[in-house]
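Reader: I would like a close look at a single part of this structure. Please keep to one element and what surrounds it.

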Amino acid sequence: MSYREHQAWLALGAIALTLGPYFVWVTLAAPEGPGPRLLALGLALGGEAILLGLALFWLQRRTSAEDRVRDERDREIERRATGAAFGTLMAGTILVGVVLPFDRQGWDLINPAVGAIGLAQVVQKAVALWLYRRGV
Amino acid sequence: MALQNRVRALRFEHGEMTQADLGRRIGLTRQTIAAIEAGRYSPSLEAAFRIAEVFGCPLTEVFSWTRDAG
């Protein structure tokens, strides 16, 4: 498995370990009031950044500089994956910024927005992994 | 598959050159050379010419293209 594939798996893992529990908690057990929700959101987003940063640092330490080179195939896969993620993000933006505000506000807008961003990240990494396996 | 190549055969004909060696000489990763050989990636025209240059043969001896049936 290439360095870029490892990167994508680590990113998916970081999302699953942070945003996953956050949305389960929001759906099942979130109390009313902004305090705990804001704290949980901060922990989820901050946790994702820290976890991914540590994981990528660990990966970089155990990979040679030669294996970290990005070539034309990596760039093509990244271009296609980012295109797919952009479509997802646009759909989420239309939902959160145009459709939902008619009858929702506050956390009922914030959580779908965070969800759309998280989903776009997942789509980007998943499409990249699929293209590395299936071919470009 | 419309695009075929003889990269793997040519590597062995040139002193069993490794995928990593070939990749290093033309600025591609070992994984990309493996993907080209397996037909999972069609290289850019420039990369294709570079591969042919390494083997010292014309592009058409390395890559061939046939029209898909239907």
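Author: What follows takes helix 2 of chain B as the part to examine, then moves outward to the cores and the contact between chains.

This is a predicted model, in which local features need pLDDT of at least 70 and side-chain atom pairs count only at pLDDT 80 or more, while totals for chains, interfaces and linings use all residues. Residues are numbered from 1 along each chain as its sequence is written, and chains are lettered from A and ligands numbered from 1 in the order in which they are written.

Helix 2 of chain B covers residues 19-26; helices (H or I, at least four residues) and strands (E, at least two) are DSSP runs, numbered from the N terminus. Within helix 2 of chain B, the buried residues are Gln19(B), Leu22(B) and Gly23(B). A residue is buried if 20 or more other C-beta atoms lie within 10 Å of its own, exposed if 12 or fewer, and partly exposed in between, with C-beta atoms placed from the backbone. The buried residues of helix 2 of chain B line one face of the helix, because they fall within an arc of 100° seen down its axis; the arc is that of the directions from the helix axis to the C-beta atoms. Their cover includes helix 1 (7-13), helix 3 and helix 4 of chain B.

Of these, helix 4 of chain B spans residues 45-55, and its axis comes within 10 Å of that of helix 2 of chain B, crossing at roughly 115°. Axes are lines fitted to C-alpha atoms, for helices over the stretch in contact, and angles run from 0 to 180 degrees between N-to-C directions. Leu22(B), Arg25(B) and Ile26(B) of helix 2 of chain B meet Ala47(B), Arg50(B), Ile51(B) and Val54(B) of helix 4 of chain B, a contact being two C-beta atoms, placed from the backbone, within 7 Å. This contact divides into five nonpolar, no polar and two charged residues; Ala, Val, Leu, Ile, Met, Phe, Trp, Tyr, Cys and Pro count as nonpolar, Asp, Glu, Lys and Arg as charged, and the others, Gly among them, as polar. Just after helix 2 of chain B, Gly27(B) has a positive phi of about 80°.

Next, the contact between chains. Chain B has 10 residues in contact with seven residues of chain A. Helix 3 of chain B (residues 30-37) gives the largest share of the side of chain B that touches chain A, three residues. That side of chain B holds four nonpolar, five polar and one charged residue.
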